[in-house]
Amino acid sequence: MKKRRAGKTVTRRDFIKGAAMGTLGMALYGKGRPVFAGAKAGAVPFAAENPQSVVVLIRNVKAIGAGDKVDAAVVQDMIDTAVKQFSGEADAAKAWAKYVRADDTVGVKFTRCDWMRVHTDQAVIDAVVKRVGEAGVVPDKIYAQDGGLPIAKCTALINVPSVKVHTLTGIAVSMKNYINFAPAPSKYHSPSTNLGEIFLMPDVKGKTRLIVVDILRPYFGPGPQINPLHRWNYYGIMVSNDPVAVESVCLNICQAKRNLFKGEAWPITPPPEFIAAADKTYKLGTSDPTKIRLIKLGWDKDILI
Amino acid sequence: MGQTQVPDSGKILAAFPLRQALPSEASGWKTGREDQVFSRDNIFDYMDGGGEIYLAYDFQFVFVREYVRDDAPSIVTEIYQMSSSQDAFGVFTHDTDGDEVDLGQGAIYAAGLLRFWKDKVFVRILADSETPEAKAVIMELGTTIVRAISRDGDKPALVKFLPIDGLKPKSLRYFHTLISLNAHYYLANVNILSLSPETRVAMARYVKDGSEARLLLVEYPTVERAVDANGRFVEMFLLERFEADGKVPPKKLEDGKFAGVARSGKHLIIVIEAEKKSVLDWLTKTISQNLEG
């Protein structure tokens, strides 16, 4: 009988051997923790010929108070500090001016998922919208939305996702946040390998100026619906312009949290193959930790990375 | 697992007995927005990006009622009507993290979320945040629903072939398709086991004599499909040559753990991540004997 293993078949054994999804696969299956901080360059846009990226992670334990109430002022300060660090500017207005101009039409694409409840927090959305407005963009040219965002009208996008482990895609951060820009979003759910092609759609390509990740209260459980046991206060905001690097960092954080929760390896499943494809096939950024300069600011207790 | 036609939302709301059983008020919480119902046709209107997990079972519809009270967390009650008690049990096993409570035919509570199953129904009751009062109302609503369901349903027959001895608490999962397997345990990027709505899968973890192993017991509609899946697993996962009439011995894999497969009629007994070969052998032999009755 002829053997049936096809060339593109990837099994759990490949992950165990460390032969699948590179360092991402190793992160899932406990083959060593990645060492970020490879890139030495500043925060320039990711380019295939210079595949280095910067991710700024800032944490502040005062961002979330009693009853999990988010402190908007603290969040604003965290975002300002992170964007200043990312841009290399000492002033928040000058920092934001690097990413939006007064004549832009700006889409602030956040995550709103009523049934799942792991939204981008309103304080994060408000902080971003405020700074975009202060950069000179008039209110009627700022579209802060999830579904129905008029992407064709927008000249610039600020990607403002929440962070959650996802039953169908493995993880959902900045890349899955754009899934409803696609005419048939469910096409990218299972398998999610080609999620990166959404970033190359004519109305989307090249418009993302900044990614501001709400990692205040991420979700690490199997989903699809929330189990409150699987949500934790991480108190973080992440800023970058590389969606692949962002996914890679968040994947490592969530994987570490899952292992801690169970007291044993609990690999994120299905493996988010779209991250590796976004790197290698669609060249949207880098998932290689040696090419990601992770700048950590603020509170570092239980940072997990 | 068949696909059954369901009536439209209005008819479901009018006739759904569990809706009639629910109170309009509980300890000051009153019904909020209008009751809703979502069927297989529009489940994505309710949980875009999450409905697939329910559609992987023979889900019929979900009834949703919200309770609200000033200065208190809102409480959402979701009643999932399945076409079989086996699939209600299966959905219940999707996420078992939490504390077991005595309600229905199996219930788990965790931080403001109650999940339970009884007969053909799976229920989730979730508070925005947990307070002692909200927890009391959640349990009260759960008890009301359980009392309104007159009979118990059968667990999947497949589950009865699994040994109780050594079964890790809350590790049992029951499902049909690849999307559910992938949500629990990644085997491959292709459907090695040829899972489909017609297959039945019981997955569980065991500890025997201090050593762990994971079991997948799969029932196929026909012997021929079981033989084919057996071959696929042997050749695509164990990476050994398969002859339909021959047996492939268990194999020690890269992580030092053992994996093996045996077929009994239309059932495949797959043991993976066995820390000792003796555990694999014990599980395979015990289940084979159970299947042969």
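**Exercise 1. Determine in which sense strand 13 and strand 14 of chain B pair, and place the two strands in their sheet.**

Solution. Strand 13 of chain B pairs with strand 14 (residues 258-264) of chain B in the antiparallel sense, and two bridges connect them. The model under study is predicted. One residue pair locates the register: B:Lys251 has B:Ala259 of strand 14 of chain B as its bridge partner.

The next step is to identify what packs on the sheet. Helix 8 (residues 223-238) of chain B does so, with contacts to strand 12 (211-219), strand 13, strand 14 and strand 15 (267-274) of chain B. The direction of helix 8 makes about 165 degrees with that of strand 14 of chain B. Helix 9 (residues 277-292) of chain B also packs on the sheet, where it touches strand 11 (200-208), strand 12, strand 14 and strand 15 of chain B. Its direction makes about 160 degrees with that of strand 15 of chain B.

The whole sheet can now be written out. It is open, has six strands in the order 10-11-12-15-14-13 (chain B), and its pairing is antiparallel. Strand 10 (173-175) and strand 13 (251-252) of chain B are the edge strands, each pairing on one side only.

**Exercise 2. Describe the open sheet of seven strands in chain A, and explain why one side of strand 3 and of strand 9 is left without a neighbour.**

Solution. The strand order is 3-2-4-7-8-1-9 (chain A), and the pairing is mixed. Strand 3 (142-145) and strand 9 (292-298) of chain A stand at the edges; because each has a single partner strand, one side of each lacks a neighbour in the sheet. From one strand to the next, the twist averages 15 degrees.

Within the sheet, strand 7 (residues 208-215) and strand 8 (residues 236-240) of chain A run antiparallel and are joined by five bridges. A:Val212 stands opposite A:Val239 of strand 8 of chain A.

**Exercise 3. Establish where helix 5 of chain A lies, and test its length against the expected span.**

Solution. Helix 5 (residues 122-134) of chain A lies across strand 2 (106-110), strand 3, strand 4 (156-160) and strand 7 of chain A, at about 170 degrees to strand 2 of chain A. Its 13 residues, at 1.5 Å a residue, should span 18 Å; the end C-alpha atoms of the helix are 18 Å apart, so the two values agree. After the helix comes A:Gly136, with a positive phi near 110 degrees.

The buried residues of helix 5 of chain A include A:Ala123, A:Val124, A:Ala127, A:Val128 and A:Arg131. Among the elements that cover the buried residues are helix 3 (72-87), helix 4 (92-97) and strand 2 of chain A.

**Exercise 4. Decide whether A:Ala127 is buried or exposed, and state which residues it contacts.**

Solution. A:Ala127 belongs to helix 5 of chain A. The cut-off for a buried residue is 20 or more other C-beta atoms within 10 Å. A:Ala127 has 24 C-beta neighbours inside 10 Å and therefore counts as buried. Apart from neighbours within four places in sequence, A:Ala127 is in contact with A:Val75, A:Gln76 and A:Ile79. The C-alpha atoms of A:Ala127 and A:Ala72 lie 7.8 Å apart, although 55 residues separate the two in sequence.

**Exercise 5. Give the make-up of the contact between the chains, with the scores of the model.**

Solution. Chain A contributes 33 residues and chain B 38 residues. On the side of chain A that touches chain B, helix 1 (residues 12-16) of chain A gives the most, with three residues. By class, that side has 13 nonpolar, twelve polar and eight charged residues. The model scores ipTM 0.91 and pTM 0.93.

Notes: Residues numbered from 1 in each chain as written. Chains lettered and ligands numbered in written order. Predicted model: local features only at pLDDT ≥ 70, side-chain atom pairs only at ≥ 80, totals over all residues. Pairing = 2+ DSSP bridges. Helix = DSSP H or I, 4+ residues; strand = E, 2+ residues; numbered from the N terminus. Contact = placed C-beta atoms within 7 Å. Axes fitted to C-alpha atoms, helices over the stretch in contact; angles between N-to-C directions. Expected span 1.5 Å × (residues − 1). Buried ≥ 20, exposed ≤ 12 C-beta atoms within 10 Å, placed from the backbone. Nonpolar A, V, L, I, M, F, W, Y, C, P; charged D, E, K, R; others polar.
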